[in-house]
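Dear colleague,

Please find below the structure that I am handing over to you. I should be grateful if you would look through it alongside the notes that come after it.

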Amino acid sequence: MKTISQISLVVILSIISFGVNASIIRGNIYHSSTVSEKAVIQQVGLSPNNISTFFYNSGLFNADLRFANAAGFEWPKGSGKFACFSSGLTIMTKIDGVLKAAACLYRGEYSSGYINNSSGTPVAITNSDFKIYKVSVGDNAGNNPDYANWYKMVPYGAPYEDVNHNGVYDNGIDKPGIVNAASTLFACLTDGFPESHSPVEGFGGGTEPIFCEVHFTAWAYNSTGLEDVQFMKWIILNKSNKSWDSTYFGLVADPDLGNAADDYIGCDTIRDMGYCYNASNSDNSYGVNPPAFGIAFLNSPVNRNVTPPVTLGMTAFDYFNGNNIPVCEGSPHDISGAYNYLKGIKLDGASWIDPITGQYTKFCYPGDPETNTGWTEFSGSIQNCNTSVSSAVSPNIPGDRRYVLSSGADNFKILPNETQNIVAAQMIARGTSNLNSVTKLKQLSTLVQAFYAANVGVNNISTVVPASFILYQNYPNPFNPTTNIKFDMIRNSFITLKIYDVSGKEIATLINNEFIPAGTNEINFNAANLASGIYYYTLRAGTFSDTKRMILLK
């Protein structure tokens, strides 16, 4: 359990019932024993498989704010053992040269609601319709008000199964939630309320709003192979009347793998994943062979400010220590320090140095713990700060780590009303040792990446709104075995893209009623498992439908 000094934040709580799926947490947020503001937070659990955790309308997840200093990511479900204390998506950007943030790690600076910018001046708005909605297998309009009222959030991107294939949500016919998921959460959030911003957030909070609108979905399956995985999607809209310049997005996590005092961390640059594992093969909570916990990007932001557009992926992975040793690797107490971590440098602007290569790097501990290759925590670290140039390698003492998985660039500009799409998965795996657990986690991440790519891997390559819906001819064509399918959309829409053989039999579903942003989009189709021949692909978006032919030659 963390102390007040470790997180600089204590939440004193009381809980009241909120429908069938959630609670409202009401309480005073304290910092240095001074009441700073009132908080009203909605907490909703997600636990259809082996993981049980919580999500909040403040943007926070994996914490349990019902209790002071309590972790929320429980695995296995019902065991009373926890692998992560708190997590969130932070956005930092410069607006008219001023650094601002929607920060999220221990408190979260989001609230239920949306941004109305029709007058040219963004205004945050909320009402009782805006909250976290939750649906699960077996729910219906009679036993779950969220199911009955799901239609209220469909205009904001709430996912659903288009049962009658007419391209619009028909209440009472179509099914709320991610297709085939055991449970789905959805919320429309915004950082547009100034009172939600606080310097006690814990990761660079307290600025003026950036006026983002976030359409957030979390879901999980209980199917074989996905029992230890949860998925999260953020559709992020710049609803201000200003460009976001030098923008960075960061999945920031405070993982506590059982006992928080004996953790190590690392990253996998191939899988765009950050992870936490036990420094020894015994943990006083998980016992021998403790598991490893990780968060991976499945879809990352696209920098359309360059030609051609660049999918950024994980641009940095670094960390800060709970014990603040050395000082330039400590907790960020202002936005500039937190921004530095998102950029892949230390609190004071010093660069990380890989002790194996001696080179500057933005990726800490990218080596393989089980094979003991590359830079891992077992290699030690160079604890250089700007005030002291050092080349000495110091041993790493296991401890309470926080890590930052970021995606951004100094030339990353997001224009007003532009949309970015981030998808991530959090997962946990247990092997035959603490180090083998990392290997098992990487194997699980590979499976998750493939699963997501096979279901939805859409790349929004341009936000310039076209004059009409267009389904382009695939390229290359003929192809072997992969090809790209591009399409123009005149508005944000739920779309379906399916592959058929010459007899009209459905062969594959590339996009299953997913909410896709306006502009030019592209998806890759892999036909490695199909025989040579003629196939057809059909795109449906609302009343629009078009079909084209493609040829597979092996």
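The notes below go through the cores, one buried threonine, the cysteines, a helix, the aromatic rings and a glycine in a loop.

Please bear in mind throughout that this is a predicted model.

Nonpolar cores

The largest nonpolar core has 79 residues, and the members that touch the most others are Ile91, Phe203, Cys212, Trp234 and Ile236. Separate from it is a second core of 25 residues, with Met489, Leu510, Ile516 and Ala527 among them. As a general point, nonpolar side chains in soluble globular proteins tend to be buried together.

Phe203 shows how the largest core draws on separate stretches of sequence. Setting aside neighbours within four places, the contacts of Phe203 include Thr90, Met92, Ala103 and Leu105, then Val252, Phe320 and Pro332, and further along Ala338, Tyr341, Leu342 and Val404. Several of these residues return below.

A buried threonine

Thr247 belongs to strand 18, which spans residues 245-254. Is Thr247 buried or exposed? With a relative accessible area of 0%, Thr247 is buried. Its side chain reaches the backbone oxygen of Trp244 at a distance of 3.3 Å. Beyond four places in sequence, Thr247 touches Ile91, Met92 and Thr93 on the one hand, and Gly408, Ala409, Phe412 and Ile414 on the other.

Cysteines

The whole structure contains 1 disulfide. Cys328 and Cys385 form this bond, with an S to S distance of 2.1 Å. The disulfide is left-handed, because the torsion about the S-S bond is about -80 degrees. It links distant parts of the chain, 57 residues apart: Cys328 is in the loop between strand 26 (316-321) and helix 3 (335-343), while Cys385 is in the loop between strand 28 (360-361) and strand 29 (401-408). Cys328 is buried at 2% relative accessible area, and Cys385 also counts as buried, at 8%.

Why do Cys84 and Cys276 not form a bond? The sulfur of Cys84 has its closest cysteine sulfur in Cys276, but the two are 8.3 Å apart, which is too far for a bond. Cys84 is buried, at 0% relative accessibility. Cys212 is likewise unbonded, because the closest cysteine sulfur, that of Cys188, lies 10.0 Å away. Cys212 has a relative accessible area of 0% and is therefore buried; as noted above, Cys212 is one of the members of the largest core that touch the most others.

Helix 3

Helix 3 is largely enclosed by the rest of the structure, because 7 of its 9 residues are buried. These are Ile335, Gly337, Ala338, Tyr339, Asn340, Tyr341 and Leu342. The cover over them includes strand 7 (86-95), strand 8 (98-102), strand 18, strand 26, strand 27 (352-353) and strand 29. Thus strand 18, the strand that holds Thr247, is part of the surroundings of this helix. After helix 3 comes Gly344, with a positive phi near 90 degrees.

Aromatic rings and charges

There are 31 aromatic pairs in the count. One of them is formed by Tyr275 and Tyr277, a tilted pair with centres 5.9 Å apart and 45 degrees between the planes. Tyr275 and Tyr277 are both buried. Another pair, Phe320 with Tyr341, is stacked, at 5.2 Å centre to centre and 25 degrees between the planes. This pair joins distant parts of the chain, with Phe320 in strand 26 and Tyr341 in helix 3, 21 residues apart. Phe320 is buried at 1% relative accessibility, and Tyr341 is buried at 0%. Phe320 and Tyr341 are also among the contacts of Phe203.

Ring pairs further connect Phe55, Phe61, Phe216 and Trp234 into a cluster.

Two lysines sit over tyrosine rings. Lys131 lies over the face of Tyr133, at 4.1 Å from the ring centre. The charged end of Lys486 is placed over the ring of Tyr472, at 4.9 Å from the centre.

A glycine in a loop

Gly192 is found in the loop between strand 15 (183-190) and strand 16 (212-220). Although in a loop, Gly192 is buried, with a relative accessible area of 5%. Apart from neighbours within four places, Gly192 is in contact with Ile115, Ala124, Pro209 and Phe211. The C-alpha atom of Gly192 is separated by 17 Å from that of Gln42, which is 150 residues away along the chain.

With kind regards

Terms used
Residues numbered from 1 in each chain as written. Predicted model: local features only at pLDDT ≥ 70, side-chain atom pairs only at ≥ 80, totals over all residues. Heavy atoms only, no water. Core = buried A, V, L, I, M, F, W, Y, C linked by side-chain atoms within 4.5 Å. Buried < 20%, exposed > 50% of the residue type's maximum accessible area, 1.4 Å probe, protein only. Contact = heavy atoms within 4.5 Å. Helix = DSSP H or I, 4+ residues; strand = E, 2+ residues; numbered from the N terminus. Polar contact = N/O pair within 3.5 Å; in protein donor to acceptor, adjacent residues only side chain to side chain. Disulfide = S-S within 2.5 Å. Phe/Tyr/Trp six-rings, centres within 6.5 Å; stacked < 30°, edge-to-face > 60°. Lys NZ or Arg CZ within 6 Å of the ring centre and 35° of its normal.
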